Amino acid sequence: MTSSSALSHLIHRVGSTMSNGMSSALKNGGEVYNEEVDDALALLPRYLRVYVSHYHDDFYIAKSFDPRLVAQLMVEGFLPIAGSSRFLLPKLHLERCVLQLSPDSKLHISKSTRKKSKRFQLSLNEAFDDVVKGCHKQHGINWLFPPIVSAFRALQKETIDYGDCQTQLVENGSFQPSGTIPVRFYSVEIWNAETGALAGGELGYTVGGIYSSLTGFTKEDAAGSVQLAALGKLLLQCGFLRWDLGMEMEYKRQLGAELIARTDFVREVHRTRVENKDLVLRCNGRKNAKEIIDFDRPDNDATNTKRRSGAKHERTQKDGGAKKRPHDE
């Protein structure tokens, strides 16, 4: 993973190329993009159009799996997936399945899931490769091809080593960065508390106050529902506002998610990536899933007080657990 200044150079180069190309087209009386007609193109920032094109429906396409590009797409609201080992297929769903966490959480946890949760433990960033293997075993390669796995691994390593992956903030159709935005990538694991075996997990990332789930797997009864419930409660504890679950599925509806239009979703990403950029998802070691799920129950006043006082977290490196990011020469 390259440094933030290297990414700044990339964005500057993209912007210069686009500016020259647009000027040339307009001088010749041509139109580069008709944004009023094509909503899909309107949602693709100009500074990314050298590398990314609209493909069809809610899919876009790029030939690069550079982790910097993948992270930059994340902060613009795209869900990065792969169409093959040759093409990145960023997806911007026409409608996004999103669960509201704050204010007034809509997360629903069944009594059955709560009861079974004591059999499991939750962790973060302990077993990235095993989670990938689990996803492949359950779903096949699907869209999780080696090049995008490598990009995700680089983003996760950057998150572990330095607390986040720095991307560029480029606003209002500009080609010049006006700041930086952190992306944090995670593997989420659910473990059998008795045997210590991996029972399920998922890959995901955060931008501002939104956590986005990418893909996951389960290989033990109840492990999937418990992992979702515990992760939802952990997101609540850490102060997150929305849980992006991608495409609509019945189990997501049952969890409490609702559909929102992609323009509204992108608008929310652009707002929270600045206002809530210091939010960090944390789980120190392996924690019992039931303890996480019961964290804010009425009979747990001590932990409720702790939650209110610590909802907004500082960056990981301020805890002393992350390396200092090296300066570029």
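## Close-up views of a predicted model

**Figure 1. Arg114 and Asp294 pair through a salt bridge, with 2.8 Å between their closest N and O atoms.** Welcome to this predicted model, where our tour opens on a link between distant parts of the chain. Arg114 sits in helix α4, while Asp294 belongs to the loop between α10 (289–293) and α11 (301–309), 180 residues apart. Are the two partners buried or exposed? Arg114 counts as buried because its relative accessibility is 18%, and Asp294 is buried too, with a relative accessible area of 13%. Take a look at Lys290 as well: Arg114, Lys290 and Asp294 are joined in a network of salt bridges.

**Figure 2. Asp39 and Arg262 form a salt bridge, their closest N and O atoms being 3.4 Å apart.** Asp39 lies in helix α2 (residues 39–42) and Arg262 in helix α9 (residues 262–275), so this pair ties together parts that are 223 residues apart in sequence. Asp39 counts as partly exposed, at 35% relative accessibility, whereas Arg262 counts as buried, at 8%. Side chains of opposite charge can pair when their charged atoms come close. For context, a search of the whole structure turns up 15 salt bridges.

**Figure 3. His93 is buried in the loop between α3 (67–74) and β3 (95–100).** The relative accessible area of His93 is 5%. Which residues does His93 contact, leaving aside its neighbours within four places in sequence? They are Asp58, Leu79, Gly246, Met247 and Arg262. You have met one of these already: Arg262 is the salt-bridge partner of Asp39.

**Figure 4. A salt bridge joins Asp161 and Lys157, at 2.6 Å from N to O.** How are these two placed along helix α6 (residues 146–162)? They are four residues apart, so about one helical turn separates Asp161 from Lys157. Asp161 is buried, with a relative accessible area of 12%.

**Figure 5. The peptide bond from Ser102 to Pro103 is cis, with omega near -5°.** Pro103 lies in the loop between β3 and α4, and Asp104 has its place in the loop between β3 and α4 as well. Asp104 is worth a look for its backbone: its phi is near 60°, a positive value in a residue other than glycine. Most residues other than glycine have a negative phi, and most peptide bonds are trans. Asp104 counts as exposed because its relative accessible area is 66%, and exposed means over 50%.

**Figure 6. Ala222 has a positive phi of about 75°, although it is not a glycine.** You can find Ala222 in the loop between β8 (210–218) and α7 (223–237). Ala222 is buried, with a relative accessible area of 11%, whereas Asp104, with its own positive phi, is exposed.

**Figure 7. Lys115, Lys116, Lys118 and Arg119 form a positive surface patch.** Within this patch, Lys118 lies in the loop between α4 (111–116) and β4 (120–124). Lys118 counts as exposed, at 54% relative accessibility.

**Figure 8. The whole chain, with its 11 helices and 11 strands, sets the scene for the close-ups.** Of the 329 residues in the chain, 52% are buried. About 15300 Å² is exposed, and carbon and sulfur atoms supply 49% of that area. Among contacts with a separation of 6 or more, 72% are between residues 24 or more positions apart.

Note on methods
Residues numbered from 1 in each chain as written. Predicted model: local features only at pLDDT ≥ 70, side-chain atom pairs only at ≥ 80, totals over all residues. Heavy atoms only, no water. Patch = residues over 30% accessible without salt bridge, like charges linked within 9 Å, V, L, I, M, F, W, Y side chains within 5 Å. Areas by Shrake-Rupley, 256 points an atom, 1.4 Å probe, with all protein chains shown as cover. Salt bridge = Lys/Arg side-chain N within 4 Å of Asp/Glu carboxyl O. Lys, Arg positive; Asp, Glu negative; His and termini not counted. Charge placed at Lys NZ, Arg CZ, Asp CG, Glu CD. Buried < 20%, exposed > 50% of the residue type's maximum accessible area, 1.4 Å probe, protein only. Contact = heavy atoms within 4.5 Å.
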